[in-house]
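Visitor: Could you walk me through this fold, one question at a time?

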Amino acid sequence: MKLINKDNLCEINFLENEVNILVIENNYIFTKYIMDFYKQYNGLDGSWILSELDVEYKLDKHMQLIIDPISFDINSRILINKLYSDIEKYILSSEYILGMNNLNSLINDFITKLLEEFDYDFLYEEELDIKNLFKFVNLKFNDISSTLIEKISNYMSICSSLLKSKVFVFINIKPYLSEKELKDLYKLARYLKIQLVMIEPAVREKLEGEKYLIIDKDSCVIT
């Protein structure tokens, strides 16, 4: 698998047990790259191409982009929608469908008797929507992380399992984590078999397993 930019400056070939550090010292390129990642992460066109064996992947389906490591949401709309969808499919294909049918009958009986107390004509959905039930009880992931590395690790594990995300792109993440936390992050990525791309504005201390690609202020590429 590889990630390339159409400007021909950046080409990242993903290898097992290797973390890609993309250092961009040119402010214009730094901003443009991140803006394109953001656009493509939200389903729009951009300059990045993620491919494997000549098969191109959509970034919004196979990549996670973490621009702000403090405020990213482990209960994002995309994750919650996929969670609800997967649970719904499981219910419909298991014995839990009987419980849903019983619950639907109980709710309809309750609503019918309740509305008889009011002298109005009403309309309501008699068939209980499973996803609406989850919304009603505010079903979501329990974020009990006490540290940033715990939150990131939890998010990576969920996205890898639920969304089958192949690549995680972090923007300027190194200043937020200690050396040990970075090593733990790399270890988790290897375990989950996902690829990491760290985009940084400056060169920092190199850790074991990191591979650097530098675009300097003059737009020259240094490997």
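What follows is a short run of questions and answers about the model.

Visitor: Before we start, what kind of model is this, and how are residues numbered?

Guide: This is a predicted model, where local features need pLDDT of at least 70, side-chain atom pairs count only at pLDDT 80 or more, and totals for chains, interfaces and linings use all residues. Side-chain values use heavy atoms, with hydrogens and water left out, and residues are numbered along each chain as its sequence is written, from 1.

Visitor: What is the strand order in the open sheet of four strands?

Guide: Some ground rules: strands (E, at least two residues) and helices (H or I, at least four) are DSSP runs numbered from the N terminus, and two strands pair if DSSP finds at least two bridges between them. The pairing in this sheet is antiparallel, and the order is S2-S1-S4-S5.

Visitor: Which strands stand at its edges?

Guide: An edge strand here has a single partner strand, so one of its sides is left without a neighbour in the sheet. That is the case for S2 (11-13) and S5 (55-57).

Visitor: Which residue stands opposite lysine 2?

Guide: Strand S1 (residues 2-5) pairs with S2 in the antiparallel sense, over three bridges. Across from lysine 2, in S2, stands asparagine 13.

Visitor: What angle does helix H1 make with S4?

Guide: H1 (residues 27-41) packs on this sheet and touches S1 and S4 (48-52), where contact means heavy atoms within 4.5 Å. For directions, axes are lines fitted to C-alpha atoms, for helices over the stretch in contact, and angles run from 0 to 180 degrees between N-to-C directions. On that basis, H1 and S4 make about 65°.

Visitor: And in the sheet of six strands, what is the order?

Guide: This one is also an open sheet, with mixed pairing. At its edges stand S6 and S10, each with a single partner strand, so one side of each lacks a neighbour in the sheet. The full order reads S6-S7-S8-S3-S9-S10.

Visitor: Which strands of this sheet does H6 touch?

Guide: H1 packs on this sheet too, touching S3, S6, S7, S8 (195-200) and S9. H6 also packs on the sheet, and its direction makes about 150° with that of S7. The strands H6 touches are S6, S7 and S8.

Visitor: How many residues of S9 are buried?

Guide: Buried means under 20% relative accessible area, exposed over 50%, and partly exposed in between (1.4 Å probe, protein chains only). Strand S9 (residues 210-215) is largely enclosed by the rest of the structure, because the buried residues number five of the six.

Visitor: Which residues stand opposite isoleucine 215?

Guide: S9 runs parallel to S3 (residues 19-24), joined by six bridges, and pairs in the antiparallel sense with S10 (residues 221-222) over two bridges. In S3 the residue opposite isoleucine 215 is isoleucine 24, and in S10 it is valine 221.

Visitor: Which turn residue in the S9-S10 hairpin has a positive phi?

Guide: The hairpin has five residues between its two strands. With a phi of about 70°, the residue in question is serine 219.

Visitor: Is serine 165 buried or exposed?

Guide: Serine 165 is in the loop between H6 (148-162) and S7 (167-171). Leaving out residues up to four places away in sequence, serine 165 touches His62, Gln64, Cys159, Ser160 and Ile194. Its relative accessible area is 4%, so serine 165 is buried.

Visitor: What about leucine 53, buried or exposed?

Guide: Leucine 53 is in the loop between S4 and S5. Its phi is positive, near 50°, in a residue other than glycine. Relative accessibility comes to 79%, so leucine 53 counts as exposed.

Visitor: How far apart are the C-alpha atoms of serine 71 and arginine 190?

Guide: Serine 71 is in the loop between S6 and H3, and counts as exposed at 51% relative accessibility. The two residues are 119 residues apart along the chain, and their C-alpha atoms are separated by 25 Å.
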